[in-house]
Every structure is written in C-alpha cells, then in structure tokens.
Amino acid sequence: MEWWTHLWLNEGFATWVSHLAVDSFFPQWNIWTQFLDSTTTALRLDSLEASHPIEVEIHHASEVDQIFDAISYDKGASVIRMLQSYLGAERFQKAMASYMKKYAFSNAKTEDLWAVLEKETGEPVKDLMTTWTKQKGYPVINAKIKGDDIEIEQAQFLLDGSSGSGMWIVPITSGCGAYDTQKKFLLKLKRDKMVIGSQCGDRKKGGNFWTKLNINGTGFYRVKYDDELAAALQNALETKKLSLMDKIGTVDDLYALSIARQQTFASLLRLLYGYRGEADYSVLSHINTVTTSIAKVSADATPALAGDIKQLLIKILLSPAEKLGWDPKKGESHLDVMLRPLLLTALVQLGHGKTINEGVRRFNIFTRDRGTSLLPPDTRKAAYLAVMQNVSSSNRSGYDALRKIYKESAEGEERLQVLGILSSCRDKGIVLESLNLIFTSEVRNQDAYILLRGIQPEAREISWNWLKENWELISKTFAGSLITDFVETIVPLFTSNEKAAEISKF
C-alpha cells in the first residue's frame, strides 16, 4: 500500500485470499460457510451509527490503531468477495494478475486496483466499489413481488431502526426455484425491478415457487422480503432446498431486521422453527447466537412467555444434540467435534433438564477419576455449567469441587475454563463470592473478564448492584482497557429502556 489510508487493501485481501487458498486445498472444509462469521460480524458493526468507512483518511501514522478492526478486515474481505462473485472468478483472477504485474516491486493505492479491474473487465468497478469503500454502512434491499417482476428498493440499514441517507451501487444475485438459474443485476438507483417470469416455479399454493436474493451471502447487504416471498423462502428452507450459506444468511437477516423493528419477533421464531433437525455446525452456530439473544431479550420483553420461548428454542436444538450425544464417535468430522459442546452448552443454558442431569452425572464421576473418558476436555464446559445450575449457598458441593479444580489444575486452559463458569449461578451468595474473587490473588487482573463472562441473565441485578457498589475499587484496580470488560459483560445483560436510562445516569 502507498499509505495507511489503504490498509484495508492489505488486510481485507489477506483475509479473503486466505479463505480462497484453504477452499482450493481443502474443499471438504466448507471454509466459505465459516467465512460468513466474518461477514456477519462486520455487518453487525457496520450497522451502527458510529461505524466508519473501510477506507479512512489517515493523516498521521499514530492514527492507524483505530482502523485495525472488523471493518478493515472483515468488511474489506467481504466486499472483495462480493466483487469477485459479481465479475466471476476467472475474469477477476485474470484482472488481478495484470494488477500484480503492473505494480510488482512498487506501491499502490485503492484507485490503482479499480482502474486495472475496470480496464480488464469493462465493468464500472470504480463507481461501484467507491460506494462501498468510501462511505460507512450498507443497504437493506426490500423485495416485493408484482406480477412477473420483483420490485427492489434500497435503504441504508441501521440496527437502531433509524434511517440513513446512504446510497450504493449494489451487485444483486438471485436464485429462482433452483440454484442453476442464477441471475446478476446491478442496482444503480434507489429502486428498480427484476423480471423473473415463470422460471421461479409455480406460485399457486403448494407450488415449488421460491426466490432468494444475495445467493450464498456473497453480497454485503441485507434483504427484506414481502409476505409472499418470505413464506416461499420458509417453504424452501423446510423442504431442504437452500444451501448452507443461504440458511445462515436468511436467519441472520431476519434477526437483524427484528432488532431494527422492521420485522416481527413472531416471524423470527417461525423461521427459526424451520431449522429444527438441522445438523450443520456453521448453521447451528448462527442459530445458537440468535437463540441466546432471544432468550435474553424475552426475559424483559415478554416475561410471561419467556419459559415457553425457551422450550421452543430447546426443540430446535435438541434433535442434533441427541444424535451427537456426549461421547465422541470414531471417524466423525471436525465440524461434529466442534458442534457437540456448542449444542450441549446451549441446552444447559436454556434449562433442559435431561442434559443438565447427564452433565452432573458425568461431572461426579470426573471428580472421583480425573482420567475418565466420560468427560473429555470438549464437553467439560457443558458439564461444569450443568453443575452450576444446581449450586446454592446451602448446596455448594459442586461449586467447591470446581474451585478445587481451578486451584489444582496444572493446565492453564482448564483453569480459565473453570474460571469462566464460577459466576454462572442464580444464587446471590455464590455469585457475589465469585465476583469478589476478582479482588483476591486467586484471579489475575487480566483474567477478570473471563470470570465476568460467565454471569447469567438471571443474576444481572445482583451483578449490576455489585458493580455500582465496587466502582471506585474497580476503577483503582483495573486501569485502561481492563475496566471496559466490567461494563461490556454486565450492562448488555439488560434489555429494557428503563434499565438503559438507569445505567446511562450512573
């Protein structure tokens, strides 16, 4: 790069091309499905009013620190993927080879790349990409069906539900009734229409009609469908027509639109129910993020329904968890190995009795025989959490056993794992005892955030009062960035406007 302003070119490209290389060598790893984690992280950050463009004017090298974030890396990588997907892999690679040749052994800036890509492909790359690199944010594409057309309209998407004035040139991809009938369309205006004709299937009730915009999540935007298109997409999901990446994108979009109050909570729960029986790690990892958030929000938003909502969320995750079980299986894929602890931990946190009881049973055997094969490192977190569900000031044997493991274990990773569980309790006495360990020599200052991360939503009031009462001591003990951990772990456990006002005042 010629100067720090173009940092994203180094970092965005490095992030993107590392996935490209891995996919080329190990296609069985489905690395692009995991890449969507980076895209959704960037989409979340970039939907905040306080975001910044990919390309930030840097006047002095000391300002560089502020741009090493998910916007430079993950959004940078995502918009490169979007461009490659729009131009086509072969055309893109040829043009990149010309760029490398032209600037070999010298420096370059963003505009140099666009100029070469434009010359080699004949596409309006500079105008298109400038809208993505020089302004912050991204659009939501509203899609409505009218006869044989889909009317599309763009508007800046902001997570707080407000409206922004951004406008983009959006490379839209669409699949229609099947993945082999993909279309590409460049949306240059605020609104336009795409002709779909009858190739999307039969629109009569019970027909196989469906259409999906932003195929495989290659575009850096969200999509909001009208009722007919949304119902058809739900049907495509339930009849196993969607790719893994589109399963992730569909739920992530609706989740974000629900937060922004552009879609209903009920429509999100309905969509989620369509994922029951899903077995893929990447999809379920996103579903788990959404269900965790719903369980937390519903405690404030719909307290009378919170228990029923948890039961619904358990139904979605239970079938794949039961298939995997607690014990590793010979020859299973690395994704199944990652999925097992994710699902067991989620079920324990949602209060699934059978999973909690099995976790406690295995833990009791483990305390008598640390070498038992019944509790390998992968599933220990779920078992430890299960133990903490039953702990109280009058029944503290499980808590004391965990404290013993924390003190005696020779493995640093195991110690930190236990530390992250000690505050995961509803009992006031135990929660306060764990939080106060932060002020002792038992917990290093830099590890305090791990203990804080274990606090459960049910213990948020206890933790918030503890934070207020100890604020002076915390401020003295934890300097610089360490103090933000206390705010970032405790404050987001609340979701009501009343609490927001109280916290702001404090």
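This is a short tutorial dialogue on reading ring pairs, charges over rings, a helix and an annotated domain in a predicted model.

Q: Which ground rules apply to this model?
A: The model is predicted, so local features need pLDDT of at least 70 and side-chain atom pairs count only at pLDDT 80 or more, while totals for chains, interfaces and linings use all residues. Residues are numbered from 1 along each chain as its sequence is written, and side-chain values use heavy atoms, with hydrogens and water left out.

Q: How many aromatic pairs are there, and by what rule?
A: Rings of Phe, Tyr and Trp (its six-membered ring) pair if their centres lie within 6.5 Å, and planes under 30 degrees apart count as stacked, over 60 as edge-to-face and the rest as tilted. By this rule the count is 18 aromatic pairs. One of them joins F26 and W29, which is stacked because the ring centres are 4.2 Å apart and the planes stand at 10°.

Q: Which pair links distant parts of the chain?
A: Y179 and W210 form a tilted pair, with 5.8 Å from centre to centre and 55° between the planes. Y179 lies in the loop between β3 (170–176) and β4 (183–187), whereas W210 lies in the loop between β5 (191–195) and β6 (211–213), 31 residues apart; strands here are DSSP runs (E, at least two residues) and helices are runs of H or I (at least four), numbered from the N terminus.

Q: Is W210 buried or exposed?
A: Buried means under 20% relative accessible area, exposed over 50%, and partly exposed in between (1.4 Å probe, protein chains only). W210 is buried at 2%, whereas its partner Y179 is partly exposed at 24%.

Q: Where does a charge sit over a ring?
A: The criterion asks that NZ of Lys or CZ of Arg be within 6 Å of the ring centre and within 35 degrees of the ring normal. The charged end of R370 sits over the ring of F366, 5.7 Å from its centre, and R415 lies over the face of Y406, at 4.4 Å from the ring centre.

Q: What does the span of helix α8 show?
A: The expected span is 1.5 Å times one less than the number of residues. Helix α8 (residues 244–259) has 16 residues and reaches 23 Å between its end C-alpha atoms, close to the 22 Å expected. Of its 16 residues, 14 are buried.

Q: What does UniProt list for residues 210–506?
A: An unreviewed UniProt entry gives "domain: ERAP1-like C-terminal" for residues 210–506, and such annotations may be inferred rather than shown by experiment. This span is 64% helix and 2% strand, with its end C-alpha atoms 50 Å apart.
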